[in-house]
Amino acid sequence: MIEGRNTSPVIKKLDHPVLTYKDIPYNAALIFNAGVAKFNGKYVMAFRNDYGSVEEHRLDGTNIGLAYSDDGEHWTPESKPWFAISDGEIIRAYDPRISVIDGVCYLCMAVDTKHGLRGCIAKTEDFNKLEILSMSVPDNRNMVLFPEKVGGNYIRLERPMPVYSRGKDRFDMWLSESPDMEFWGRSRLVLGVEDVPFANDKVGPGAPPVKTDKGWLTLFHAVEKDTTRGKNGWEPRWQKSYYAGVALLDLEDPSKIIGYSKKPLICCDRAFEDGFRNDVIFPGGMILEDSGEVKIYYGASDTVECLARADVNDLLKLCLDK
Ligand code: BMA
């Protein structure tokens, strides 16, 4: 918990995670940063599993698991992991996000390779077979796809990582367009880290945007670094805090921000949210229900997957209030 950084009163958190390693019927240690969608009448979650041993504070590898739910709150994981990508060049894939476009599911993932970190877009029609459609040049990650084409093109938000030119972590949220999910261009800046009062390190996409009549509502992650912080979680030194922020983008040109909340939307402030790291909230899924309820799925401290709820009108108001 970071002093002065509070979860917005419009957010109603469940008082426990929705998925932890204890729920998983195979080797699992850290279950977090999941993507969630409504697909074929069910909720589906693709989650990151860093497996190893929680007791021994040991991590051995990463795979992606699947869980299903009828209500978005109670989840049943599959009996074995869905996939792990690794070959001579690719080390691992992680942090999946799901977008359903025209009845087809698309996954965006971060992929660590021997030659840098690449943003991957893949397609699945059945959560079995996965077809890779594109891989960015390094370093780029945290991609999310809009649920429909805008102006005739597919749209993604992303967070390239220009370390060399900016001297230190200074990462911003960008947008690119594609006619076919393979060729991406017309890239432009959406939100600079310097414009977010609760970030001094990086801002980037969180959950794929949802459409409202006021604009595209989207969650972003914001990172604040404090070099005076010491040991937190398993690591000898963890200096960053991650928050979820909320923004509203123009329906016709989503690179334009209509408004965003100048305060964090979700901060780490519950005991069950701590673990491997502390003070990390990473939103990866957002579902807008017909009732106006918004379900927000977030990884907490790279350890567990959690659920919070809000009313869509409250989120819009946070973005539109000056
Ligand atoms: C980032 C990624 C995320 C993670 C976050 C906080 O660099 O590794 O997967 O959630 O750090 O630890």
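## Two nonpolar cores

A nonpolar core is a set of buried Ala, Val, Leu, Ile, Met, Phe, Trp, Tyr and Cys residues joined through side-chain atoms within 4.5 Å, where buried means under 20% relative accessible area with a 1.4 Å probe and protein chains only. This is a predicted model, in which local features need pLDDT of at least 70 and side-chain atom pairs count only at pLDDT 80 or more, while totals for chains, interfaces and linings use all residues. Residues are numbered from 1 along each chain as its sequence is written, and side-chain values use heavy atoms, with hydrogens and water left out.

The largest nonpolar core has 27 residues, and those with the most contacts inside it are I11, L217, L265 and I266. A second, separate core has 22 residues, among them L175, V196, F220 and Y243.

## The four-stranded sheet

Strands (DSSP runs of E, at least two residues) and helices (runs of H or I, at least four) are numbered from the N terminus, and two strands pair if DSSP finds at least two bridges between them. One open sheet has four strands in the order β14-β15-β16-β17, with antiparallel pairing. Because β14 (202-212) and β17 (257-260) stand at the edges with a single partner strand each, one side of each is left without a neighbour in the sheet.

Within this sheet, β15 (residues 215-225) and β16 (residues 240-249) are joined in the antiparallel sense over 10 bridges, and H221 stands opposite A244 in β16.

## Around L217

Leaving aside neighbours within four places in sequence, L217 is in contact (heavy atoms within 4.5 Å) with residues including P209, V246, M286, L315 and C319.

Technical notes
Buried < 20%, exposed > 50% of the residue type's maximum accessible area, 1.4 Å probe, protein only.
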